[in-house]
Amino acid sequence: GGLSLGVYIATTCRDVGYPWTDATPLGPARLDAARAALAAVPAARRGGFGVAAIADDWPVAMCAWWPTAPERVAVPPLPDVPTLILSGREDARTPTQVARTIAERAPTSTLVVVPGQGHSVITDGRRCVKRALRAHAAGRPVPPCPSSPKPPTAAPLPPASATALGRTPRQRAQRVAELSVEDALRTLVLRFAQSFSLESLFDDGPQRTVRVAGLRSGSAALGTQGVRLTRYGYVPGTSVTALMQDQKVVSVRVSGRGLRAGTYRVRNPIASSEELKTVLGFDEGITIELSARTRKAIERVARG
């Protein structure tokens, strides 16, 4: 009900310019053309991404198999009607640069740029967006969004060693357990959201296992039995094994250099939505998205 993938794919592959023609064979030949065109772009303009990372990503790789080439037609003048254009300043899919170009071509348009916001501006629920929509609908001047009060929360850097995590082997082991659980869950949540965000628009969420590798060793998995860490290595020279379901506190087995090996008790971040936000450190925009779609699916899969 919210998105037609067929229409989206057809539109993307028809309207976006790609470096091939109808005569270019489908698949590998078109991908080669995309890689060659990207290689000619200065690295600074690619934002730090390599040629292969861009060319092999969606939708470039998807449209390489689309049966026709993009239609290169002139865009007619935009209608002279009051128009509200909303753009997230951090949106990489539909960037503000494109929104400004559209605003220049719409004679009576108002562009509202939302600081600290990525894609899906309307569904994110920011107050300034709601104010802009109400003002535009009422024919009043549209107020701008205020500057973002703080930058998005970044995931903490991993410790270089366990020695800085406590004065005693027991303290260090307790902290290793806590940090490893948080890192595993943070990675699983983001992997889950990345893989299944589109699918979650159409159903109640996939019933499948999601696996990620530990930063240094081992793995973590999200499945019908809960969240399982298997010799998960986040801090150098350590490993953590645990099974987390819906209990508020979980038992975690810890081993490694400079630690007191054994079982330790750790707060479970998937026990509530508030824990997902505060313990894992997601900013407000990601948390809203999780609570609306992904978190429910994660909780259902993790708790069976």
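**Group meeting talk: strands, patches and a few unusual residues**

Hi everyone, let me start with one pair of residues: Tyr-232 has Val-240, in strand β6, as its bridge partner. Before going on, please keep in mind that this is a predicted model.

So, what surrounds that pair? Strand β5 covers residues 226-233, and four bridges join β5 to β6 in an antiparallel arrangement. The two strands make a hairpin with four residues between them. If you look in that turn, you'll find Gly-237, whose phi is positive, about 75°.

Staying in strand β5 for a moment, have a look at Arg-231, which also belongs to this strand. Arg-231 has a positive phi too, near 45°, and this residue is not a glycine. Is Arg-231 buried or exposed? The relative accessibility is 57%, and the cut-off for exposed is over 50%, so Arg-231 counts as exposed.

Now over to β6, which spans residues 238-244. How many of its seven residues are buried? Six of them are, so this strand is mostly covered.

On to the next partner of β6. Strand β7, residues 249-256, pairs with β6 over five bridges, in the antiparallel sense. One contact you can pick out on the screen is Thr-238, whose bridge partner in β7 is Gly-256. The connection from β6 to β7 is a hairpin of four residues.

And we can keep walking. β7 pairs with strand β8, residues 262-267, through six bridges, and this pairing is antiparallel as well. Here Arg-253 has Thr-263 of β8 as its bridge partner. The hairpin of β7 and β8 has five residues between the strands, and Gly-258 in that hairpin takes a positive phi near 75°.

Let's leave the strands and turn to the surface. Which residues form the positive patch? They are Arg-127, Lys-130, Arg-131 and Arg-134. Lys-130 sits in helix α6, which runs over residues 127-138. With a relative accessibility of 40%, Lys-130 counts as partly exposed.

There's a nonpolar patch on the surface too, made by Leu-78, Val-98 and Ile-102. Together these three have about 220 Å² of accessible area. Ile-102 is part of helix α5, residues 96-105. Why does Ile-102 count as partly exposed? Because its relative accessibility is 40%, and partly exposed covers the range between under 20% for buried and over 50% for exposed.

Two loop residues before I stop. The first stop is Ser-120, in the loop between β2 (109-114) and α6. Phi of Ser-120 is positive, near 60°, in a residue other than glycine. Its relative accessible area is 36%, so Ser-120 is partly exposed.

The other stop is Asp-56, in the loop between α3 (51-55) and α4 (60-63). At 42% relative accessibility, Asp-56 counts as partly exposed. How far is Asp-56 from Arg-35 in sequence and in space? They are 21 residues apart in sequence, and their C-alpha atoms are 8.6 Å apart.

To finish where we began: β5 and β6 are antiparallel, β6 and β7 are antiparallel, and so are β7 and β8. Thanks for listening, and do shout if you'd like to go back to any residue on the screen.

Methods
Residues numbered from 1 in each chain as written. Predicted model: local features only at pLDDT ≥ 70, side-chain atom pairs only at ≥ 80, totals over all residues. Heavy atoms only, no water. Patch = residues over 30% accessible without salt bridge, like charges linked within 9 Å, V, L, I, M, F, W, Y side chains within 5 Å. Areas by Shrake-Rupley, 256 points an atom, 1.4 Å probe, with all protein chains shown as cover. Salt bridge = Lys/Arg side-chain N within 4 Å of Asp/Glu carboxyl O. Lys, Arg positive; Asp, Glu negative; His and termini not counted. Charge placed at Lys NZ, Arg CZ, Asp CG, Glu CD. Buried < 20%, exposed > 50% of the residue type's maximum accessible area, 1.4 Å probe, protein only. Pairing = 2+ DSSP bridges.
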